[in-house]
Amino acid sequence: MRSLLPTICLPQLLLTASIALIACDRTPDPVLTAASAASKVEAVKESVVAAPSNDKDKEEQPYADMGHTLGTVTSVPIRGRLVEEEGQPDLREATPTRDMSQDELKETDFEAILLGMDGKEITKLGVGKSDGEGYIDAAFPLKEGTANPGRYRVDIRVKGVSAGKTNVLLLANDFKGSVVRSDIDLTYLDTHFIHKRDMLKLLTQKAADRKTLPAMEKVYAALRAGLTGKENRPLVFISGSPRFFKRILEAKMQLDGVEHDGIMLKPFEEIAGNQVANLNPDRIVPALKEQVGYKLGHLLRGRLDLPKKAEEILLGDDSEADFVVYSIYHRLMSGELEGEAANKELLRGGVDPSQVGELIALASKVRATLGGFKPVKAIYINLTGSPNEKFKVKDWPVPGLLREHQGAWPLILDLYEESLVSKDSVSAVKARLIELGAAPKTLEEAAKAAVKAGFLDAKSASL
């Protein structure tokens, strides 16, 4: 049965669309009440294209709509959703509106099988059950020695039949390299969401319609390749976009050639449903708008999937609150924030008070696994020209780690300066920017401005 917010009586698809719009809206808006929610639903009825209705004459089969994951040779995480589909979905035709409502397989048993990239079975990971919305978020232990570090496939079987496969990258437990964790909107993609008309457009766009920030696809390729060109550095995206953006984002990354090891998206249905279940519908919109607690939770839980000595390179922008999240995350992991000080910083960052205790407890658990190791190696914040009106980067400093840049050129130069990418990668980014219309003189001026701002050394700017 198609459902998004099963405890809400308003039309489910349109309500979710309205909530998505409101949650991304950075302009002041009154608190949502039942009456105002209804009026907002009516306001978007003519603008939102509803998902196609289910054709009962076509036979649907269980489909595991899984995402790539990153784990270790002793723990294999799997994430995705069990749904009913009429064959393999075409990601090129996916739009958020079409994927808002799916025929989810609620509380359905499944079996996970680890395969080699050649498709041969290595071992049975175990069995599990999807949740009340069809989602799977689990980690299966793996006996040491069963699999070497590398890429594998995971087959999800329902009633003994393969429902779908996905990729997992398993790192050695003693891995000491870097993992890249990045935001998406205005860090990777040129996403506009200040006006509701822009947000409505996002809901109906296909992957080919989405725009990449100039040359950023080359920057991600450079980060994955590393200094040697052969590092295959892990890359995970964490975004505040709703889960129904999954397929279009996956398709866009395929078009851009951006290989990744996971896309973490916001569970809008779960958040809104929880507020209604708690008899507090007026808190739906604030809960959906909140980014710091949500992203911080993803960073902390994702850290548990990583080897203890893995370093982290964090990418974000100044349009929302990535710099707040990364500042707090680093200080929690380094032991600079504990107890009452951590409580105050989380509240200062706008975290819902109901989340604070849980996040502090989770941070303590994660920090205990690190044994004093400080994982954050660098924080890069793209200056978008439309900064967050509430939070300022200067108020959340991380001395020696946080670097502000404007676009791909100063960014790739600094990554080279830090020995994180190769000189060939710098040339590839420059060639792409020129291909897109950037004049060499403009790039030279951008590099000089970065030197003046203290972002780059003069030697790096001359590349």
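The legends below describe close-up views of one predicted model.

**View 1. The whole chain, as an overview of the predicted model.**
The chain holds 16 helices and 15 strands. Of its 463 residues, 54% are buried. Among contacts between residues at least 6 apart in sequence, 73% join residues at least 24 apart. Mean pLDDT for the chain is 86, and 82% of the residues reach 70 or more. Over residues 271–288, by contrast, pLDDT is below 50. That stretch has 31 contacts in the model beyond near neighbours in sequence. Residues 1–56 also stay under 50 in pLDDT. For residues 1–56 the model has 115 contacts beyond four places in sequence.

**View 2. Helix 4, residues 196–204, with its buried and exposed residues.**
The buried residues of this helix are Met-199, Leu-200, Leu-202 and Leu-203. These residues lie on the same side of helix 4, because they cover an arc of only 155° around the axis. Arg-197 and Lys-201 are on the other side of helix 4, where they are exposed.

**View 3. Helix 5, residues 216–225, and the loop that leads to strand 11.**
Helix 5 is mostly covered, with eight of its ten residues buried. The buried set is Met-216, Glu-217, Val-219, Tyr-220, Ala-222, Leu-223, Arg-224 and Ala-225. It thus includes the charged residues Glu-217 and Arg-224. Gly-226 comes just after helix 5 and takes a positive phi of about 75°. Asn-232 is found in the loop between helix 5 and strand 11. The phi of Asn-232 is also positive, near 55°, in a residue other than glycine. Most residues other than glycine have a negative phi. Asn-232 is partly exposed, because its relative accessible area is 35%, which falls between the limits of 20% and 50%.

**View 4. Strand 14, residues 376–382, between its partners strand 13 and strand 15.**Six of the seven residues of strand 14 are buried, so the strand is mostly covered. Strand 13 (residues 311–317) runs parallel to strand 14, and six bridges join the two. In one of these pairings, Glu-312 has Val-376 of strand 14 as its bridge partner. Strand 14 also pairs with strand 15 (residues 402–405), again in the parallel sense, over four bridges. Asn-382 stands opposite His-405 in strand 15.

**View 5. Asp-131 and Glu-107, two loop residues in contact.**
Asp-131 is found in the loop between strand 6 (121–129) and strand 7 (135–141). With a relative accessible area of 33%, Asp-131 is partly exposed. Not counting residues up to four places away in sequence, Asp-131 touches Leu-105, Lys-106 and Glu-107. Lys-106 is 25 residues from Asp-131 along the chain, yet the C-alpha atoms of the two are separated by 5.9 Å. Glu-107 is found in the loop between strand 4 (103–104) and strand 5 (109–115). Glu-107 counts as exposed, because its relative accessibility is 55% and the cut-off is over 50%. The phi of Glu-107 is near 45°, a positive value in a residue other than glycine.

**View 6. Glu-345 in helix 11, residues 339–348.**
Glu-345 counts as buried, because its relative accessibility is 12%, under the limit of 20%. Glu-345 touches Ile-328, Arg-331, Leu-337 and Trp-396, leaving aside residues up to four places away in sequence.

**View 7. The largest cavity and the residues that line it.**
The count comes to two cavities of 30 Å³ or more. The largest has a volume of about 150 Å³. It is lined by 15 residues, and the closest to its centre are Leu-70, Arg-79, Val-236, Gly-302 and Asp-305. The elements that give two or more residues to this lining are strand 2 (69–72), strand 10 (178–182), strand 11 (235–242) and helix 9 (292–303).

Technical notes. Residues are numbered from 1 along each chain as its sequence is written. This is a predicted model: local features need pLDDT of at least 70, side-chain atom pairs count only at pLDDT 80 or more; totals for chains, interfaces and linings use all residues. Side-chain values use heavy atoms; hydrogens and water are left out. Buried means under 20% relative accessible area, exposed over 50%, partly exposed in between (1.4 Å probe, protein chains only). The arc is that of the directions from the helix axis to the C-beta atoms. pLDDT is the predictor's confidence in each residue, from 0 to 100. Contact means heavy atoms within 4.5 Å. Two strands pair if DSSP finds at least two bridges between them. On a 1 Å grid over the protein atoms alone, a cavity is a set of points where a 1.4 Å probe fits but cannot get out, and a pocket is an open set with protein on both sides within 12 Å along at least five of seven lines; lining residues have an atom within 4 Å of a point. Grid points are joined across faces, edges and corners, and a volume is the space filled by probe spheres set on the points.
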